[in-house]
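Me: I have a structure open and would like to talk through how its helices pack. Could you take my questions one at a time?

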Amino acid sequence: MNKKHVVFKCLKAFLVGLVLLVIYAPILLLAIYSFDKTNMIGRFEGFSLTHYAALFQNSKVLGMIGNTFLLAFLAAILSTILGTVGALGMFYTKKRVKMLIHGASQIPVINAEIVTALSLTVTFVAVGLGRSYFTLLIGHMVICTPFVVLSVMPKLKQMDNSLYEAALDLGASPFKALWKVVLPQIIPGVISGFMLAITLSLDDYIVTMYTRPAGFETISTYVYNATTKGNAHTAVTLASLWALTTIIFVIIVLFVVISNLSSIRKKEASK
Amino acid sequence: MKIPRFSRKTLCIPYAVFLIFFVIVPMLVIFFYAFTDSNMHLSFNNFVKFFSDPTKLSTIVYSLVIALITTVICLVIAYPVAYILARSTMKRKFVILMLFVLPMWINFVLRVNALRELFNLLSSLDGMAWLAGSNYFKTVFGMVYDFLPFMILPLYTTMLKIDPSLYEASADLGASGFATFTRVTIPLSVPGIMSGVTMVALPSMTNYVVSDMLGNAKVTIIGKFISDYFGNDWHMGSMIALILLIVVFVSTWFTGGFKSEENVRGTSL
């Protein structure tokens, strides 16, 4: 019995470990070769930081990194405001109206991204808006805002509603009561909605591809074009993309570790 | 004159207007384009053309088969992983779950590119040359690689909600470990399976970035189809998009829709 138990345990650990190994193998491979002198994967010629230097010297690459983050930040801020205000309104409105808005809000969530992208672009072009930074931003807001609503809604349901009434009774204006009493209670949902919006926007390729203005590149569109339509300078650029992948990976790992540590510390402090 | 009192309901107006303009209207526009020809006259030509073209239909079948295989493989890998994690008594199992979710935060295209480089390296090795031409294999592998967390997360959250006393009761009543698994765990995790399957099947029919980057542009899926028509024939593109839209909505209807708490991309984390 006991022996069987141990075998079972090893088997479980092996399975989980194997899946994780496959998941991380490509990323670790790039991380190792990003420090190689040459831009060939397969033979390690010697340690160097050339690819990292190239990454920070290439103005085109730097431009697209800047574009990606600025777009994600703007889209996330706007989506968070729109989504939070929308969720508040939906929470207090009649059930039928709420169901209608919720239904429409779920469309971009379950829809294929290519269908969302196509429908938006056809509409923008048909009404003469064409493709600009504005249409790109709207495109990103369409895919991000419903997720903000989805993460704020549960917090509203958990909220103690009598506090708002109490604030009104004590003379606060409705706006002040929302700002000072309701918002602090739903702020965890707002923050996770914001984070979700950032990641969705950073990750997006398809909507960006169709709604972007001519010549505008993000990391996604740039990498896609560099790998599927080979250019003359591709080999060099691809190697600096390994460096970029590694940097992003390290930032994410650090972020996760730090946020976990701080939440553990908070929990222990509250005990 | 009395100033109308501020009502909290009015806060939903901006979002409602946004949804009407940028979600509802675009859907109607797609519908309009699907059933018109290039002179904007009502026409069912696109519909007929779509269903009478054998190459189109075979592409669709291929795409559906790829999506099916991807979904099944994801389920087969994710189910045991989610089960092990959910039932583990480890103190920090949350960290292991994080390890599965973490790569999702690296840009999607960069991740696929990393896999592409790995495949390039592997196919240069002795005896691995077959890999270079196996476009379908690489596409399915890439899709499983990318969409696996979408399967693990909903399964894990549903399994975590199963009351542990049910396992004890099942054991007390004489069921073997296997019987408990098939008669308690599996039936109670059906909602998780449903949302995992929808979350994997849909992108594997439509996300053509993976098939383009890993399949040497030899693998065409439904999403790529729409994007190809996008360049020259909006009406046909809209028709395919509309068909896809209907498929998605019918299947979501049948699987009971999306539960907000089993949300994608780690909202619940």
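Reply: Happy to! One definition to begin with: a crossing is left-handed if the near helix is turned anticlockwise from the far one by less than a right angle, and right-handed if clockwise. Please keep in mind that this is a predicted model.

Me: With that in hand, which hand does the crossing of H3(B) and H10(B) have?
Reply: H3 of chain B covers residues 54-87 and H10 of chain B covers residues 190-206. Their axes come within 9 Å and cross at roughly 140°, which makes H3(B) oblique to H10(B). As for the hand of the crossing where H3(B) passes H10(B), it is right-handed.

Me: How many nonpolar, polar and charged residues make up the contact of H3(B) with H10(B)?
Reply: On the H3(B) side, the residues include B:Ala67, B:Thr70, B:Cys74 and B:Ala78. Among those they meet in H10(B) are B:Gly196, B:Val200 and B:Ser204. Sorted by class, the contact of H3(B) with H10(B) has five polar residues, no charged ones and 11 nonpolar.

Me: Now chain B as a whole: how many helices and strands does it have?
Reply: From the N terminus on, every element in the run is α. The C-alpha trace of chain B spans about 80 × 70 × 35 Å along its principal axes, and 42% of its 269 residues count as buried. The tally for chain B is zero strands and 13 helices.

Me: What share of the contacts in chain B with a separation of 6 or more comes from residues 24 or more positions apart?
Reply: A pair is in contact here if the C-beta atoms lie within 7 Å. Taking the contacts in chain B with a separation of 6 or more, the share from residues 24 or more positions apart is 75%.

Me: Which helix gives the largest share of the side of chain B that touches chain A?
Reply: The contact takes 67 residues from chain A and 69 residues from chain B. Several helices of chain B each supply at least two residues to that side, including H1 (13-34), H5 (108-123) and H13 (234-254). By class, the side of chain B that touches chain A has 48 nonpolar, 14 polar and seven charged residues. Its largest share, 15 residues, comes from H1(B).

Me: Are H10(A) and H5(B) roughly parallel or oblique to each other?
Reply: H10 of chain A covers residues 219-228, and its axis comes within 8 Å of that of H5(B). A:Val223 and A:Tyr224 are among the H10(A) residues in this contact, and B:Leu110 and B:Asn113 are among those in H5(B). The contact of H10(A) with H5(B) divides into six nonpolar, three polar and one charged. The axes cross at roughly 30°, and angles under 35 degrees count as roughly parallel, so H10(A) and H5(B) are roughly parallel.

Me: Is A:Ile248 buried, partly exposed or exposed?
Reply: A:Ile248 lies in H11 of chain A, residues 234-270. Leaving aside neighbours within four places in sequence, A:Ile248 is in contact with B:Ile106, B:Asn107 and B:Leu110. A buried residue needs 20 or more other C-beta atoms within 10 Å, and an exposed one has 12 or fewer. A:Ile248 has 19, so it is partly exposed.

Me: And is A:Cys10 buried or exposed?
Reply: A:Cys10 is found in H1 of chain A, residues 2-33. A:Cys10 and A:Ser201 are 191 residues apart in sequence and 40 Å apart in space, C-alpha to C-alpha. With 10 other C-beta atoms within 10 Å, A:Cys10 is exposed.

Me: How many nonpolar, polar and charged residues are in the contact of H7(A) with H8(A)?
Reply: The axes of H7(A), residues 162-169, and H8(A), residues 174-203, come within 9 Å and cross at roughly 135°, which makes the pair oblique. A:Leu163 and A:Ala167 are among the H7(A) residues that meet H8(A), where the partners include A:Lys180 and A:Val181. By class, the contact of H7(A) with H8(A) has one charged, no polar and eight nonpolar residues.

Me: Last one: which residues touch the most other members of the largest nonpolar core?
Reply: The largest nonpolar core has 136 residues, and H7 of chain B, residues 135-161, gives the most to it, with 13 residues. Not counting residues up to four places away in sequence, A:Ala197 touches seven residues listed here in part, including A:Ala76, A:Cys144 and A:Phe147. The residues touching the most other members of the core are A:Leu118, A:Ala197 and B:Ile152.

Terms used: Residues numbered from 1 in each chain as written. Chains lettered and ligands numbered in written order. Predicted model: local features only at pLDDT ≥ 70, side-chain atom pairs only at ≥ 80, totals over all residues. Axes fitted to C-alpha atoms, helices over the stretch in contact; angles between N-to-C directions. Helix = DSSP H or I, 4+ residues; strand = E, 2+ residues; numbered from the N terminus. Parallel < 35°, antiparallel > 145°, perpendicular 65-115°, else oblique. Contact = placed C-beta atoms within 7 Å. Nonpolar A, V, L, I, M, F, W, Y, C, P; charged D, E, K, R; others polar. Core = buried A, V, L, I, M, F, W, Y, C linked by C-beta atoms within 7 Å.
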